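Please open the structure in your viewer and keep the selection tool at hand. The tour moves from the whole chain to one helix and then to an enclosed space.

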Amino acid sequence: MSFLTPFLARQKNFPTATLLTRHLSSATTRTTTSKLHERYTFTPPPSLSPESQNDDIPTKPNKKKPKPRYRPPSSLDRNGRKPVRSDLPFDFRFSYTESSEKVRPIGLRGPKYSPFGPGRVDRAWTGVCAPAVDPKVELLEAKEEPKMEQQRKKRRGWVQGEPLSTAERKALVLQGERGKTKRQINLGRDGLTHNMLDVIHKHWKYSEVVRIKCMGVPTVDMKNVCTQLEDKTYGKVISRHGGTIILYRGRNYNPNHRPVIPLMLWKPQEPVYPRLIKTTIEGLSIEETKEMRKRGLAVPVLTKLAKNGYYAYLVPMVRDAFLSSELVRIDCTGLERSDYKKIGCKLRDLVPCILVTFDKEQIVVWRGMDYKPPEDGYFFKDKESFDDYDDHLDAGVG
């Protein structure tokens, strides 16, 4: 530190301004006498030159507009769009095969939130369906129902056009077989749902026929499934083998003029219906009802239902069993409780019979006091070709 002492002593005698001027002047002389300019003719850019720093040149702000924050599509944001209007002449329900217009609910499990979303459809949701006629207008309801049925028949007849010949029907059935096309719609425990109508029309855009595979609860009443398919889609069932249905779209079907089908965004809550199993069976006392339930759980099993199976044979089996026994037990082990409750409800209406119990995953039904076998019978063939009436007349079948 001894050799710095005389230098620091000399620096204290000079003022601060003199030191700064000497430092800046030495920096400028270095830049002007730089060897880069002499050897390589290097010219510093304007941003590095000391003159550009003194110029007060206004610069344009390089500010981009911030992107709007992403918002997922929601049914609540209508943005002034009008509600969808559909001219389909029937009430919109979640399931057309698993709901009955005759059985009315005794209550709702929650508020009447429309499954189509608020403001998306011009129909009011009653908690069970979205009726084509305003439910507030009670006087017009009875008059409009037959008109809507006639309108459906008239529109379906126009879409179908001339009936198919036997050769055309066989060619369309071959076109819809499993080995020819992979287009298939699975109809499960909910039956024919509302959104399935839109899926069927999407398949009809590329093919004249669509194959529908029915499984589970709806197969107990396959006749109702075929009827609802034809009534709600204006198509025609041209073949049925077990639970496999071939549905034809019609001669005059135009994919560009397909009906407007608003989609349900979620499954609505099921309303509260009356209890299927009552405390006492009608005509019996409490002790007799308890004794019948014990005997019902002890009788031999008529059949065991497989999960997502084909149950069209169930109604004729129960009717035949009632000829020799007053109680019938069906094993439903492994099925959902809601599934075998729906099966019991269908048996009650189709056989007909009286429900005894659903305990221990069993369906026990009783034929009643004065049982008489139905005269019409229930012979629903396992395989049907749905030939036209004209073909039957040509073949001599009246």
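How many helices and how many strands are there in the protein? If you colour this predicted model by secondary structure, you will find 12 helices and 11 strands. Of the 398 residues in the protein, 33% are buried. Among the contacts with a separation of 6 or more, 76% are between residues 24 or more positions apart.

Next, select helix 6, which runs over residues 166-175, and show the side chains of Arg-169, Leu-172 and Val-173, which are the buried residues of this helix. These three lie on the same side of helix 6, because they cover an arc of only 100° around its axis. The spacing fits a general rule: an α-helix has 3.6 residues a turn, so residues three or four places apart point the same way. What do the buried residues of helix 6 pack against? Add strand 4 (209-214), strand 5 (236-241) and strand 6 (244-248) to your selection, since these are the strands that they pack against.

Now turn to the empty space inside the model, where the count comes to one cavity of 30 Å³ or more. The largest cavity has a volume of about 60 Å³, and to see what lines it you should select Arg-189, Gly-216, Val-217, Lys-307, Asn-308, Tyr-311, Leu-335 and Asp-339. This lining divides into three nonpolar, two polar and three charged residues. Finally, colour domain 1 (90-246) and domain 2 (274-364) separately, and you will see that each of them contributes at least three residues to the lining of the largest cavity.

Definitions and conventions. Residues numbered from 1 in each chain as written. Predicted model: local features only at pLDDT ≥ 70, side-chain atom pairs only at ≥ 80, totals over all residues. Heavy atoms only, no water. Buried < 20%, exposed > 50% of the residue type's maximum accessible area, 1.4 Å probe, protein only. Helix = DSSP H or I, 4+ residues; strand = E, 2+ residues; numbered from the N terminus. Arc of directions from axis to C-beta. Contact = heavy atoms within 4.5 Å. 1 Å grid on protein atoms, 1.4 Å probe; cavity = no way out; pocket = protein on both sides within 12 Å on 5 of 7 lines; lining within 4 Å. Points joined across faces, edges and corners; volume = space filled by probe spheres on them. Nonpolar A, V, L, I, M, F, W, Y, C, P; charged D, E, K, R; others polar. Domains from an automatic or database assignment.
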